[in-house]
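Colleague: I would like to go through the empty spaces in this model and what fills them. Shall we take them one at a time?

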Amino acid sequence: QARQSGGGAWSYFTRTMSEDVQSRVSMLHSLRAAIDFKRGLSLAYQPLVNARSGKLVGAEALLRWRNDFGESVSPQRFIPLAERTGLINELGLWVIETALDRLARWRAQGLSDMVMSINVSSVQFRADDFAAQVKRLIDLCDVPAVAVTLEITESIALEDHAHVMEQIAELRRFGVSFAIDDFGTGFSSLSQIALLPADQLKIDRAFVDKVCNSAADHSLAATVVMLAQGRNLGMVAEGVETEEQKDALLALGCEKMQGYLFGRPMSAEQFDAWVRERRPAST
Ligand code: C2E
Ligand code: MG
Ligand code: MG
Ligand code: MG
């Protein structure tokens, strides 16, 4: 009896394991094709607003992939795969070029102060010419470097330090800003954070969620805000969904926000409509 159920468990295990490997191989295969033929890839743009003035500050570009079956695959699933297989380099440059091209159009259409935030994986910094490539694309798309923010995560602290720092410094000299994404959720110590060159912290949704909770939770969120203020960094709160969260963040001194309360990630066309709807009739 025991042997039988053990055998059953084993065959179940091997079957699911091979299905898993198989699905990763086929996902890799179709991601490779998507990148080669620019098929099924697109960017969604989520507005970043100053919640005090109500003004649009910029947008974050978020990668979307619809696979051959028409299913949309979460970036949380395919980005790590792209990172492990090196596909992230080519994919990442496509994201940057597409987002900067969109930024150039928006700025030409009257959104002249608009800033574009682009997520970059720490793996992309391993390429020797990453900084040079970004500079090339900024020139190619004819946007000011100061209108470009690259979002990195705390995991970048684990990469080859000297090389990564050099590339970040080169891009910052060029005018590009850096934001630390998902701030507070990573594994790096506070001392490492203090060493990371950045202009902005993006306070993770986990803390935004807490801002209206118990006093202890609220003070945790307040501490994260104070950390940013202490380092004289800009701040953006991510994942703001309710008016209560917005008010609590404003009271803490965080004005820039992003989240479903203001707008979901959307296509460029939907973004244009969103801007038109919000703009007062006078302009
Ligand atoms: P992220 O950069 O922290 O992006 C914010 C995520 O939160 C997005 O998920 C966005 O859709 C979601 N979000 C925004 N507002 C709200 C809200 O009010 N409530 C909730 N519940 N969620 C909200 P998404 O688009 O699925 O992206 C997930 C992650 O994938 C991103 O997190 C980023 O780390 C990564 N990613 C996306 N695009 C790229 C890319 O082009 N390159 C790289 N390297 N990573 C990317
Ligand atoms: Mg981000
Ligand atoms: Mg984030
Ligand atoms: Mg994230």
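Modeller: A pocket here is an open set of grid points, found over the protein atoms alone, with protein on both sides within 12 Å along at least five of seven lines. The model itself is predicted.

Colleague: How much space lies in the largest pocket?

Modeller: A volume is the space filled by probe spheres set on the grid points. For the largest pocket that space comes to about 1,400 Å³.

Colleague: Which residues lie nearest the centre of the largest pocket?

Modeller: The lining of the largest pocket has 42 residues. They divide into 15 nonpolar, 16 polar and 11 charged. Those nearest the centre are Leu62, Gln76, Asn119, Asp181 and Asp182.

Colleague: Where does ligand 1 sit?

Modeller: A molecule sits in a pocket if more than half of its atoms lie within 2 Å of the pocket's grid points. By that rule, the space taken by ligand 1 is the largest pocket.

Colleague: Which element gives the largest share of the shell around ligand 1?

Modeller: The shell around ligand 1 has 23 residues. Strand S2 (56-66), helix H2 (75-85) and strand S6 (177-183) each supply at least two of them. The largest share is 4 residues, and it comes from S2.

Colleague: Which residue has a side-chain N or O atom 2.5 Å from a nitrogen atom of ligand 1?

Modeller: A polar contact needs a pair of N or O atoms within 3.5 Å. Glu60 places a polar side-chain atom 3.0 Å from an oxygen atom of ligand 1, and a polar backbone atom of Leu63 is 3.1 Å from a nitrogen atom of the ligand. The side chain at 2.5 Å from a ligand nitrogen is that of Glu241.

Colleague: What percentage of the area of ligand 1 does the protein bury?

Modeller: The starting point is ligand 1 taken alone, which exposes 790 Å². Of that area, the protein buries 84%.

Colleague: Now the closed space. Which helix gives the most to the lining of the largest cavity?

Modeller: The whole structure has 1 cavity of 30 Å³ or more, and the volume of the largest cavity is about 30 Å³. Its lining includes Ile203, Phe207 and Leu249, and the residues divide into 8 nonpolar, no polar and no charged. Helix H7 (205-210) and helix H8 (215-230) each give two or more residues to that lining. With 3 residues, the helix that gives the most is H8.

Technical notes: Residues are numbered from 1 along each chain as its sequence is written. Chains are lettered from A and ligands numbered from 1 in the order in which they are written. This is a predicted model: local features need pLDDT of at least 70, side-chain atom pairs count only at pLDDT 80 or more; totals for chains, interfaces and linings use all residues. Side-chain values use heavy atoms; hydrogens and water are left out. A residue is near a molecule or strand if one of its heavy atoms lies within 4 Å of it. A polar contact is a pair of N or O atoms within 3.5 Å; within protein, one must be able to donate a hydrogen and the other to accept it, and residues adjacent in sequence count only if both atoms are side-chain atoms. Accessible areas come from the Shrake-Rupley method with a 1.4 Å probe; for residues, only the protein chains shown count as cover. On a 1 Å grid over the protein atoms alone, a cavity is a set of points where a 1.4 Å probe fits but cannot get out, and a pocket is an open set with protein on both sides within 12 Å along at least five of seven lines; lining residues have an atom within 4 Å of a point. Ala, Val, Leu, Ile, Met, Phe, Trp, Tyr, Cys and Pro count as nonpolar, Asp, Glu, Lys and Arg as charged, and the others, Gly among them, as polar.
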